[in-house]
Amino acid sequence: MSKPQSPLAFRDYRLFWIARFCAVLAQVGMVVVIGWQVYDVARTDYGMGPKAAAFQLGLIGIAQFLPLLVLMPVAGWMADRFDRRFVASAAISLDLLNALALGWMTAHDSLTLPALFIVAGLHGVVRAFNGPSLSSIAPNLVPPESLPRAIAMSSIAWQTGGILGPAFGGLAYAAHPASSYWIAAALLAITTASILSIRPYARTSIKDGSHPLRQMIDGLGYVRGHRFLLGAITLDLFAVLLAGATALLPVYARDILKIGPEGLGWLRGAPALGATIMALWFSFRPLASNVGIKMLAAVIAFGVATIVFGISTNLWLSLGMLTILGAADMLSVYVRSSLVQLYTPDEMRGRVNAVSQLAISGSNELGEAQSGLAAALVGPIGAVVIGGAGAIAVTLIWAYIFPELRRAKTFDLPKELTT
């Protein structure tokens, strides 16, 4: 009897999907509210102007990235050495405590910039351990032929949470500031329970007996040895690092478009809406040809949409550009994620996913820092426009120095991973 092809036909994958959705919904909602509170507290309680307050948003990005930079090699090794369900659930439990602490401080009007920076750093610790472990579970829950669709379905969970998270974060904060964190805590509790309900599964442990430090850097060596993976991961790193417009959305919501925290939720949700539409399409019609060229074109479209958003003062045009931006980013993420999962042996998947996660987080968190610094120098509009142009330039350069990106045609598995 043939196995069902839909990933959702598998019980444990359904639990994984619920965990991923609830985690993203809670964490994105928290990040949106934290960003608003950082900017608002800096303006209100510390008397900072728009540029100085925007700079604080950049520093928040650094606070989230530094734990990732330091801990990601350890986190990837742990994902390959220990039960990934336990590593992921422990990390999520720490974020649950973060949500409870922020909720208490918000309810008692005791928030300060140092407190927000501490929680942002702890959130970076959570992402360091949760990312490689949770991402590495999915390939063990479905047969190889269902994996491309499983990746697309996982992206749907991620992006749907990304749509609803900013909306619930902004709207809940507007209704009662602390409620956004109470809801996030409940969702993170569901996430932990879902992960722990996944049944034990067969997995390949680390085979070599080398020193753990040597094992930790093997993932980087594997990526370096596969130029397509290296080109795809670094393209995303530098393109998104330069075009980190989302870091400045609180500035646009408050001082440019003047739409408040509710409007900030819609701005943060627009990219995820575009990404979800694209992910839904891929779940039914996975890419079958010219994956490299399509990825390059998507990153160029990402840069163009960023530029138009940067100069827009119309809410609907801004939302439209953010939606296109998210759809283009999803195409790039889909190609890169599929290759990372399909081309990586299971015993190395945690470490290779750690390299990919570090690149993603580097592009996001350092991109936020870059945007904050650039906004302090040239203003938020100039920072966004220059970043979008930089993303386009990086794409053209990468297409030249990594011809493997242009030549890649399909997601066919290597022979050594199908035997």
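Reader: Which helix gives the most residues to the largest nonpolar core?

Author: This is a predicted model, in which local features need a pLDDT (the predictor's confidence in each residue, from 0 to 100) of at least 70, side-chain atom pairs count only at pLDDT 80 or more, and totals for chains, interfaces and linings use all residues. Numbering starts from 1 along each chain as its sequence is written, and side-chain values use heavy atoms, with hydrogens and water left out. The largest nonpolar core (a set of buried Ala, Val, Leu, Ile, Met, Phe, Trp, Tyr and Cys residues joined through side-chain atoms within 4.5 Å) has 107 residues, and those with the most contacts inside it include Y13, F16 and L102. With 18 residues, the largest contribution to this core comes from helix α1 (residues 11–44).

Reader: Which residues does L102 touch, not counting those up to four places away in sequence?

Author: L102 is among the residues with the most contacts inside the largest core. Contact means heavy atoms within 4.5 Å. When residues up to four places away in sequence are not counted, L102 touches M30, I34, L111, L116, V119 and Y181.

Reader: How many helices does the chain have, and which helix has the highest mean pLDDT?

Author: Helices (H or I, at least four residues) and strands (E, at least two) are DSSP runs numbered from the N terminus. By that rule, the chain has 15 helices and zero strands. Helix α7 (residues 212–224) has the lowest mean pLDDT of the elements, 66, and the highest, 94, belongs to helix α6 (residues 179–197).

Reader: Is G387 buried or exposed?

Author: Residues are classed by relative accessible area: buried is under 20%, exposed is over 50% and partly exposed is in between (1.4 Å probe, protein chains only). G387 lies in helix α14 (residues 380–401), and its C-alpha atom is separated by 7.9 Å from that of S371, 16 residues apart along the chain. Because its relative accessible area is 3%, G387 is classed as buried.

Reader: Which residues do the shared salt-bridge partners join into one network?

Author: A salt bridge is a side-chain nitrogen of Lys or Arg within 4 Å of a carboxyl oxygen of Asp or Glu. D12 forms one with R11, at 2.5 Å between the closest N and O atoms, and another with R199, at 3.1 Å. D12 lies in helix α1 and R199 in the loop between α6 and α7, so this pair ties together parts that are 187 residues apart in sequence. Through shared partners, the salt bridges make one network of R11, D12 and R199.

Reader: How many residues apart are R254 and D40?

Author: R254 and D40 form a salt bridge, with the closest N and O atoms 2.9 Å apart. R254 is in helix α9 and D40 in helix α1, so the pair links distant parts of the chain, and their separation is 214 residues.

Reader: Where does K258, which has a positive phi, lie?

Author: Most residues other than glycine have a negative phi. K258 is not a glycine, yet has a positive phi of about 55°. K258 counts as exposed because its relative accessibility is 62%. Its position is the loop between α9 (249–256) and α10 (260–284).
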